[in-house]
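Here is a set of short questions and answers for a first look at this model. Keep the structure in view as you read.

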Protein chains: 2
Amino acid sequence: MESRKIYNRIAILRKEKSLTRNELADKVGVNFQTIGYLEREEYNPSLDLAFRISEVFELPVDLIFSTEPLTPLSQLLTKK
Amino acid sequence: MESRKIYNRIAILRKEKSLTRNELADKVGVNFQTIGYLEREEYNPSLDLAFRISEVFELPVDLIFSTEPLTPLSQLLTKK
DNA sequence: AATAAATATTGTAAATACACAACATTTAAT
DNA sequence: ATTAAATGTTGTGTATTTACAATATTTATT
(Lines give C-alpha, C1' and ligand atoms only; values in the text may rest on other atoms or scores of the structure.)
Protein backbone atom coordinates (compact mmCIF):
# COMPACT_ATOMS: atom_id res chain seq x y z
CA MET A 1 0.00 0.00 0.00
CA GLU A 2 2.93 2.43 0.30
CA SER A 3 2.59 3.36 3.92
CA ARG A 4 2.88 7.01 4.92
CA LYS A 5 5.23 8.04 7.66
CA ILE A 6 3.51 8.70 10.96
CA TYR A 7 4.98 11.31 13.30
CA ASN A 8 4.86 10.97 17.07
CA ARG A 9 5.51 12.62 20.43
CA ILE A 10 6.95 9.58 22.16
CA ALA A 11 10.34 11.11 22.96
CA ILE A 12 8.87 14.27 24.51
CA LEU A 13 6.23 12.40 26.48
CA ARG A 14 8.83 9.96 27.72
CA LYS A 15 11.12 12.77 28.85
CA GLU A 16 8.28 14.57 30.59
CA LYS A 17 7.98 11.48 32.75
CA SER A 18 11.78 11.19 33.08
CA LEU A 19 11.76 7.68 31.76
CA THR A 20 14.61 5.99 29.92
CA ARG A 21 13.77 4.05 26.80
CA ASN A 22 14.36 0.91 28.78
CA GLU A 23 11.82 1.90 31.40
CA LEU A 24 9.24 2.94 28.82
CA ALA A 25 9.90 -0.26 26.91
CA ASP A 26 9.16 -2.28 30.04
CA LYS A 27 5.88 -0.48 30.64
CA VAL A 28 4.85 -0.89 27.04
CA GLY A 29 6.09 -4.46 26.81
CA VAL A 30 8.56 -4.17 23.94
CA ASN A 31 12.30 -4.23 23.46
CA PHE A 32 14.01 -0.94 24.34
CA GLN A 33 15.42 -0.75 20.85
CA THR A 34 11.91 -0.72 19.45
CA ILE A 35 11.26 2.50 21.37
CA GLY A 36 14.38 3.90 19.71
CA TYR A 37 13.12 3.02 16.26
CA LEU A 38 9.78 4.67 17.00
CA GLU A 39 11.27 7.86 18.47
CA ARG A 40 13.53 8.22 15.44
CA GLU A 41 10.44 7.52 13.31
CA GLU A 42 12.32 4.85 11.40
CA TYR A 43 9.16 2.86 11.19
CA ASN A 44 5.57 3.11 12.31
CA PRO A 45 4.28 1.12 15.25
CA SER A 46 1.59 -1.45 14.69
CA LEU A 47 -1.85 -0.27 15.76
CA ASP A 48 -1.64 -2.45 18.84
CA LEU A 49 1.68 -0.93 19.85
CA ALA A 50 0.25 2.55 19.29
CA PHE A 51 -2.58 1.63 21.67
CA ARG A 52 -0.17 0.29 24.27
CA ILE A 53 1.77 3.52 24.18
CA SER A 54 -1.44 5.51 24.36
CA GLU A 55 -2.43 3.50 27.45
CA VAL A 56 0.91 4.12 29.17
CA PHE A 57 0.71 7.86 28.57
CA GLU A 58 -3.03 7.94 29.18
CA LEU A 59 -3.58 9.95 26.03
CA PRO A 60 -5.63 9.22 22.92
CA VAL A 61 -3.79 7.81 19.95
CA ASP A 62 -4.51 10.91 17.90
CA LEU A 63 -2.69 13.12 20.41
CA ILE A 64 0.48 11.06 20.30
CA PHE A 65 0.56 10.11 16.62
CA SER A 66 -0.15 12.16 13.54
CA THR A 67 0.12 12.03 9.79
CA GLU A 68 1.42 15.61 9.96
CA PRO A 69 4.74 16.71 11.47
CA LEU A 70 4.08 17.54 15.10
CA THR A 71 4.16 20.90 16.81
CA PRO A 72 5.17 20.95 20.48
CA LEU A 73 2.34 19.92 22.78
CA SER A 74 2.62 23.17 24.72
CA GLN A 75 1.57 25.03 21.60
CA LEU A 76 -1.71 23.14 21.60
CA LEU A 77 -2.55 24.68 24.96
CA THR A 78 -2.30 28.31 23.90
CA LYS A 79 -5.46 30.26 23.17
CA LYS A 80 -4.45 31.12 19.66
CA MET B 1 5.54 -8.85 20.94
CA GLU B 2 2.41 -11.01 20.63
CA SER B 3 0.05 -8.47 19.18
CA ARG B 4 -3.41 -8.06 20.70
CA LYS B 5 -6.49 -8.15 18.57
CA ILE B 6 -7.95 -4.74 17.90
CA TYR B 7 -11.70 -4.42 17.46
CA ASN B 8 -13.28 -1.90 15.09
CA ARG B 9 -16.48 -0.29 13.84
CA ILE B 10 -15.59 -0.25 10.18
CA ALA B 11 -18.53 -2.38 9.00
CA ILE B 12 -21.13 -0.28 10.82
CA LEU B 13 -19.61 3.02 9.78
CA ARG B 14 -19.38 1.84 6.20
CA LYS B 15 -23.03 0.76 6.17
CA GLU B 16 -24.14 4.04 7.72
CA LYS B 17 -22.70 5.67 4.63
CA SER B 18 -24.16 2.97 2.37
CA LEU B 19 -20.78 2.18 0.92
CA THR B 20 -19.71 -1.16 -0.48
CA ARG B 21 -16.34 -2.50 0.53
CA ASN B 22 -15.15 -1.67 -2.93
CA GLU B 23 -16.19 1.95 -2.59
CA LEU B 24 -14.67 2.29 0.86
CA ALA B 25 -11.52 0.59 -0.36
CA ASP B 26 -11.22 3.17 -3.13
CA LYS B 27 -11.59 6.06 -0.72
CA VAL B 28 -9.09 4.55 1.65
CA GLY B 29 -6.70 3.49 -1.08
CA VAL B 30 -6.51 -0.25 -0.44
CA ASN B 31 -7.74 -3.45 -2.04
CA PHE B 32 -11.39 -4.21 -1.30
CA GLN B 33 -10.38 -7.52 0.20
CA THR B 34 -8.29 -5.70 2.76
CA ILE B 35 -11.47 -3.99 3.99
CA GLY B 36 -12.96 -7.46 4.32
CA TYR B 37 -10.07 -8.68 6.42
CA LEU B 38 -10.37 -5.65 8.68
CA GLU B 39 -14.14 -5.91 9.12
CA ARG B 40 -13.84 -9.56 10.01
CA GLU B 41 -11.01 -8.55 12.35
CA GLU B 42 -8.76 -11.18 10.83
CA TYR B 43 -5.84 -8.86 11.24
CA ASN B 44 -5.14 -5.40 12.53
CA PRO B 45 -4.56 -2.48 10.19
CA SER B 46 -1.23 -0.73 10.22
CA LEU B 47 -1.28 2.60 12.04
CA ASP B 48 -1.23 4.41 8.73
CA LEU B 49 -4.21 2.46 7.45
CA ALA B 50 -6.05 3.17 10.71
CA PHE B 51 -5.40 6.88 10.12
CA ARG B 52 -6.61 6.69 6.53
CA ILE B 53 -9.83 5.09 7.68
CA SER B 54 -10.18 7.66 10.44
CA GLU B 55 -9.78 10.40 7.82
CA VAL B 56 -12.43 8.92 5.56
CA PHE B 57 -14.94 8.65 8.38
CA GLU B 58 -13.81 11.92 9.93
CA LEU B 59 -13.58 10.32 13.34
CA PRO B 60 -10.64 9.94 15.71
CA VAL B 61 -8.80 6.64 15.67
CA ASP B 62 -9.91 5.83 19.22
CA LEU B 63 -13.57 6.02 18.23
CA ILE B 64 -13.19 3.53 15.42
CA PHE B 65 -10.68 1.14 16.93
CA SER B 66 -10.43 -0.31 20.41
CA THR B 67 -8.58 -2.90 22.39
CA GLU B 68 -11.95 -3.84 23.93
CA PRO B 69 -14.86 -5.46 22.09
CA LEU B 70 -17.05 -2.67 20.80
CA THR B 71 -20.53 -1.71 21.87
CA PRO B 72 -22.78 -0.15 19.22
CA LEU B 73 -22.02 3.52 18.63
CA SER B 74 -25.61 4.46 19.40
CA GLN B 75 -25.12 3.25 22.94
CA LEU B 76 -22.38 5.80 23.40
CA LEU B 77 -24.88 8.57 22.80
CA THR B 78 -27.33 7.62 25.54
CA LYS B 79 -27.20 9.47 28.85
CA LYS B 80 -26.64 6.34 30.80
C1' DA C 1 39.09 13.59 31.82
C1' DA C 2 37.40 8.98 32.98
C1' DT C 3 33.66 6.24 33.60
C1' DA C 4 29.01 4.77 33.27
C1' DA C 5 24.50 5.16 31.29
C1' DA C 6 21.81 6.15 27.43
C1' DT C 7 21.15 6.18 22.71
C1' DA C 8 22.38 5.07 17.74
C1' DT C 9 23.74 1.88 14.06
C1' DT C 10 23.97 -2.30 11.55
C1' DG C 11 22.59 -6.80 10.76
C1' DT C 12 19.71 -11.22 11.00
C1' DA C 13 15.45 -13.54 11.69
C1' DA C 14 10.48 -14.15 12.68
C1' DA C 15 5.68 -12.64 12.61
C1' DT C 16 2.19 -9.88 10.66
C1' DA C 17 -0.01 -6.74 7.20
C1' DC C 18 -1.32 -6.17 2.71
C1' DA C 19 -2.02 -7.18 -2.43
C1' DC C 20 -3.97 -9.97 -5.51
C1' DA C 21 -6.24 -14.05 -7.67
C1' DA C 22 -9.63 -17.67 -7.98
C1' DC C 23 -13.52 -19.61 -6.44
C1' DA C 24 -17.58 -20.29 -3.01
C1' DT C 25 -21.36 -18.51 -0.61
C1' DT C 26 -24.70 -15.15 0.71
C1' DT C 27 -27.73 -11.28 -0.09
C1' DA C 28 -30.55 -8.27 -2.91
C1' DA C 29 -33.22 -7.15 -6.94
C1' DT C 30 -35.88 -8.25 -10.38
C1' DA D 1 -36.45 -18.51 -8.90
C1' DT D 2 -32.70 -16.34 -11.63
C1' DT D 3 -29.36 -13.32 -11.85
C1' DA D 4 -26.13 -10.00 -10.28
C1' DA D 5 -23.70 -7.85 -6.63
C1' DA D 6 -21.53 -8.28 -2.40
C1' DT D 7 -19.04 -10.77 0.77
C1' DG D 8 -16.30 -14.86 2.42
C1' DT D 9 -12.49 -18.29 1.92
C1' DT D 10 -8.15 -20.05 0.68
C1' DG D 11 -3.75 -19.50 -1.04
C1' DT D 12 0.70 -17.25 -2.58
C1' DG D 13 3.99 -13.45 -2.53
C1' DT D 14 6.06 -9.10 -0.77
C1' DA D 15 6.79 -5.42 2.55
C1' DT D 16 6.89 -3.94 7.18
C1' DT D 17 7.16 -4.47 12.13
C1' DT D 18 9.39 -6.32 15.94
C1' DA D 19 13.05 -8.95 18.58
C1' DC D 20 17.50 -9.40 19.54
C1' DA D 21 22.68 -9.06 19.38
C1' DA D 22 26.95 -6.64 18.85
C1' DT D 23 29.26 -2.58 18.56
C1' DA D 24 29.72 2.61 18.15
C1' DT D 25 28.67 7.03 19.67
C1' DT D 26 26.75 10.48 22.66
C1' DT D 27 25.51 12.37 27.10
C1' DA D 28 25.81 12.69 32.18
C1' DT D 29 28.20 12.14 36.44
C1' DT D 30 31.84 12.34 39.18
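Q: By class, how many nonpolar, polar and charged residues does the surface near DNA strand D have?
A: This is a predicted model. In it, 18 residues surround DNA strand D, among them A:T34, A:Y43 and B:R21. By class, the surface near DNA strand D has seven nonpolar, eight polar and three charged residues.

Q: Which helix gives the most to the surface near DNA strand D?
A: Helix 3 of chain A and helix 3 of chain B each supply at least two residues of that surface. One of them gives the most, with three residues: helix 3 of chain B.

Q: Which residue has a polar side-chain atom 2.5 Å from a phosphate oxygen of DNA strand D?
A: Sugar or phosphate holds 64% of the strand D atoms within 4 Å of the protein. A polar backbone atom of A:N31 is 3.2 Å from a phosphate oxygen of this strand. The side chain of B:R40 places an N or O atom 3.5 Å from a phosphate oxygen. At 2.5 Å, the residue is A:S46.

Q: What percentage of the atoms of DNA strand C within 4 Å of the protein do sugar and phosphate account for?
A: DNA strand C is surrounded by 18 residues, and the closest include A:R21 and B:T34. Of the strand C atoms that come within 4 Å of the protein, the sugar and phosphate share is 63%.

Q: Which residue has a polar side-chain atom 3.1 Å from a base oxygen of DNA strand C?
A: The side chain of A:R14 has an N or O atom 3.1 Å from a phosphate oxygen of strand C. B:N31 has a backbone N or O atom 3.3 Å from a phosphate oxygen. For the base oxygen, the residue is A:Y37.

Q: In what pattern do the helices and strands of chain A follow along the sequence?
A: Chain A has six helices and two strands. Read along the sequence, they give β-α-α-α-α-α-β-α.

Q: Why is helix 2 of chain A described as roughly perpendicular to helix 4 of chain A?
A: Helix 2 (residues 21-28) meets helix 4 (residues 47-57) in chain A through residues including A:L24 and A:I53. This contact has six nonpolar, no polar and two charged residues. Angles of 65 to 115 degrees count as roughly perpendicular. The axes are 9 Å apart, and the helices pack at an angle of about 105 degrees.

How values were computed:
Residues are numbered from 1 along each chain as its sequence is written. Chains are lettered from A and ligands numbered from 1 in the order in which they are written. This is a predicted model: local features need pLDDT of at least 70, side-chain atom pairs count only at pLDDT 80 or more; totals for chains, interfaces and linings use all residues. Side-chain values use heavy atoms; hydrogens and water are left out. A residue is near a molecule or strand if one of its heavy atoms lies within 4 Å of it. A polar contact is a pair of N or O atoms within 3.5 Å; within protein, one must be able to donate a hydrogen and the other to accept it, and residues adjacent in sequence count only if both atoms are side-chain atoms. Axes are lines fitted to C-alpha atoms, for helices over the stretch in contact, and angles run from 0 to 180 degrees between N-to-C directions. Helices (H or I, at least four residues) and strands (E, at least two) are DSSP runs, numbered from the N terminus. Contact means heavy atoms within 4.5 Å. Ala, Val, Leu, Ile, Met, Phe, Trp, Tyr, Cys and Pro count as nonpolar, Asp, Glu, Lys and Arg as charged, and the others, Gly among them, as polar.
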